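Here are my notes on the charged side chains and one helix. Please read them with the coordinates open.

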Protein chains: 2
Amino acid sequence: MGGDFGCEVVVPAAFEALSRCDDIQVVLVGDRSTIEAELARAGQTSERLSIHHASEVVEMDESPALALRGKKDSSMRVSINLVKEGQAQACVSAGNTGALMATARFVLKMIPGLDRPAIVYALPTMNFSDPQSILNERVYMLDLGANVDCTAEHLHEFAVMGSVLVSAVRGIKQPRVALLNNGSEEIKGNEQVKAAAQILANNSMLNYTGYVEGDDIYKAQADVIVCDGFVGNVALKVTEGVAKLIKILIEDSFTSSVFRKLCAVTAMPALQGLKHQLDMDRYNGASFLGLKGTVVKSHGSASVSAFATAIEEARLEAIENVPNRIQQQVQALLEKKEG
Amino acid sequence: MGGDFGCEVVVPAAFEALSRCDDIQVVLVGDRSTIEAELARAGQTSERLSIHHASEVVEMDESPALALRGKKDSSMRVSINLVKEGQAQACVSAGNTGALMATARFVLKMIPGLDRPAIVYALPTMNFSDPQSILNERVYMLDLGANVDCTAEHLHEFAVMGSVLVSAVRGIKQPRVALLNNGSEEIKGNEQVKAAAQILANNSMLNYTGYVEGDDIYKAQADVIVCDGFVGNVALKVTEGVAKLIKILIEDSFTSSVFRKLCAVTAMPALQGLKHQLDMDRYNGASFLGLKGTVVKSHGSASVSAFATAIEEARLEAIENVPNRIQQQVQALLEKKEG
């Protein structure tokens, strides 16, 4: 029910995901009559699709605490309950991020040994000598906003969770884990980052590769990049801002005179390739890590195709049982500490 | 002598700056014979150009502390001494940033009442409904790396200094000052940012407009954006990284097939416009604020044209006597506090 478009996007996205993945079932959680109307409009049916009614909706600007306390039958809460009860293996929502995080944490609980959940997102990245590599390369960055005041130990937790995730969903045995810093030299960094570097280097279960700077995010130099949620949020938003600015300038360049308009027509095939490479629909779906269950957050303004991508991400994490893998890794770390 | 290219760029840039600004004189500080050889190669002379010999050079990877203690006759140290003694009104360097900052702070001293210097840089920004506005709009962001662990009071100092700078060099009477945050809602922010918001809102001499997010940097929503040096460095580097990635993808789009190459030829006029708008040569020169003198840091890999732009920036700050204006503002604040 959430996001900027609600069922209007989620229902067709469910059909899109069902057609992309023949091993999933989709439960649409929310107001039954609204969903049924949207299904009628879509004119499609599937045996792998069902409706689970929920009478309330968390608003996009609602306080997470109020949503958690006051709306026990919200589509968000009911969806997460289904995961808790094992009736669903993952929850995907385009709704209020804070409320989704608070509800997921309250219902699913943290994996023992972990202090806080983190938000992770796979960004496009590229080997600069091979531009086509952008179609396959990904860098998983966390935290992206759940935790703004972090200790070095929190950054270590993010590194462990990110490494397990990438190993599971990308099949990389020893993911390269880097710390985002304001310089690559050893003396650089704020207090937390410098302290985290020591902890990461001492964890032999991690393939810690050192510091990276902001521009390294897009150079395919690491598989996992760790930072606090404040810095991660700024890095993600700056990326969106710069990409948007350049997009507008390109469009303007090609439409600001008749001659240029002619150029635009011939340039189209080239720009279409660029559009595909930078298509944000291909990169939707941020995961909550550290919880005893899989929850994926879609961008609020996601398109049908983008929301289907978030469902695919959730499917992969559920198949690989990422929460269980993280739990095992944390357990091993705790035993090593005690032993 | 510093930067990636030394005299090879600085000497022709000096001539470029002399031709752009008829009211300046340039003193080239460094090894006389090296400079004279470069002057001979340039085949130009000017009555407004002179050489001041310095026997040492601070290396780009040298420790700031060692450079400060060990190289009393470095081109960097001697240049800043000239500012201290009033023989020059500003120093411009493409050299080692840490050493330049340490030397400037040691020689020039802080303005009384201020705790730390900050690095500020004018980024291109744009009113999205008018892409041509990118040619004139600027947002001054600070700190960009001098201070990684900041208190709320440090952020307040940055706000005051940035506001004075923009008012002086851009002629804006009440510059809009914003705090960079991980969300625009009041509850967002780490501890320092939330505390700084209170201080900024209570300073009636500032036109504080509230929080901005990472993508707002490029939307011409503020004249001054305040953040700690860690976050500022990441935001700046992410910007560089995204712009570089898109640049490579555009080039690749236009060269990856014969048909596309043909498109590229006709698209050139459009892309040339874009190239001009995003030309980093037009945005070179980061200023050190809080010191009793003007010091501008050029990018180490700046071109001749870019280094000349940094000289222009230094000229403007010297003409407007920015250090003096900051001193007056800080004095007024201190008196208000005591009164």
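1. A definition to begin with: a residue is buried when its relative accessible area is under 20%. A salt bridge needs a side-chain nitrogen of Lys or Arg within 4 Å of a carboxyl oxygen of Asp or Glu. Note also that this is a predicted model.

2. A:Asp143 is buried yet has no salt bridge. The nearest side chain of opposite charge is A:Arg116, 6.9 Å away. Because a salt bridge must fall within 4 Å, that distance of 6.9 Å does not qualify. A:Asp143 sits in the loop between β5 (138-142) and α6 (152-170) of chain A.

3. What does the side chain of A:Asp143 meet instead? One of its polar atoms lies 2.7 Å from the backbone nitrogen of A:Ile119. The backbone nitrogen of A:Asn147 is 2.6 Å from a polar atom of the A:Asp143 side chain. Leaving out residues up to four places away in sequence, A:Asp143 touches several others, among them A:Phe158, A:Cys227 and A:Asp228.

4. Chain B has a case of opposite sign. B:Arg77, in helix α4 (residues 75-84) of chain B, is buried and has no salt bridge. Its nearest side chain of opposite charge, B:Glu56, is 8.2 Å away. The B:Arg77 side chain does reach the backbone oxygen of B:Leu68, at 3.0 Å. Residues up to four places away in sequence aside, the contacts of B:Arg77 include B:Lys71, B:Lys72 and B:Phe106.

5. Elsewhere, salt bridges do form: the count is 22 over all chains. One of them joins the side chains of A:Arg176 and A:Asp223, at 3.1 Å from N to O. A:Arg176 lies in strand β6 (residues 176-180) of chain A and A:Asp223 in the loop between β7 (207-212) and β8 (224-226), so the pair ties together parts 47 residues apart in sequence. A:Asp223 counts as buried, at 7% relative accessibility. A:Arg176 is partly exposed, at 27%.

6. B:Asp23 and B:Arg315 form another salt bridge, their closest N and O atoms being 2.8 Å apart. B:Asp23 is in the loop between α1 (7-20) and β1 (26-30) of chain B, and B:Arg315 in helix α10 of chain B, so this pair ties together parts 292 residues apart in sequence. B:Asp23 is partly exposed, with a relative accessible area of 47%. B:Arg315 is partly exposed too, at 26%.

7. A local pair: B:Glu38 and B:Arg41 meet in a salt bridge at 2.9 Å, N to O. Both lie in helix α2 (residues 32-42) of chain B, 3 residues apart, about one turn of the helix. B:Glu38 is buried, at 14% relative accessible area, whereas B:Arg41 is exposed, at 61%. In chain A, A:Glu16, A:Arg20 and A:Glu312 are linked in a network of salt bridges.

8. Last, helix α11 (residues 322-338) of chain B. Its geometry checks out: at 1.5 Å a residue, 17 residues should span 24 Å, and the end C-alpha atoms are 24 Å apart. Which residues of α11(B) are buried? They are B:Val322, B:Pro323, B:Ile326, B:Val330 and B:Leu333. Seen down the axis, these buried residues fall within an arc of 95 degrees, so they line one face of the helix. B:Gln328 and B:Glu338, on the other side, are exposed. The cover over the buried residues includes α6 (152-170), β9 (286-289), β10 (294-297) and α10 (304-319) of chain B.

How values were computed
Residues numbered from 1 in each chain as written. Chains lettered and ligands numbered in written order. Predicted model: local features only at pLDDT ≥ 70, side-chain atom pairs only at ≥ 80, totals over all residues. Heavy atoms only, no water. Helix = DSSP H or I, 4+ residues; strand = E, 2+ residues; numbered from the N terminus. Expected span 1.5 Å × (residues − 1). Buried < 20%, exposed > 50% of the residue type's maximum accessible area, 1.4 Å probe, protein only. Arc of directions from axis to C-beta. Contact = heavy atoms within 4.5 Å. Lys, Arg positive; Asp, Glu negative; His and termini not counted. Polar contact = N/O pair within 3.5 Å; in protein donor to acceptor, adjacent residues only side chain to side chain.
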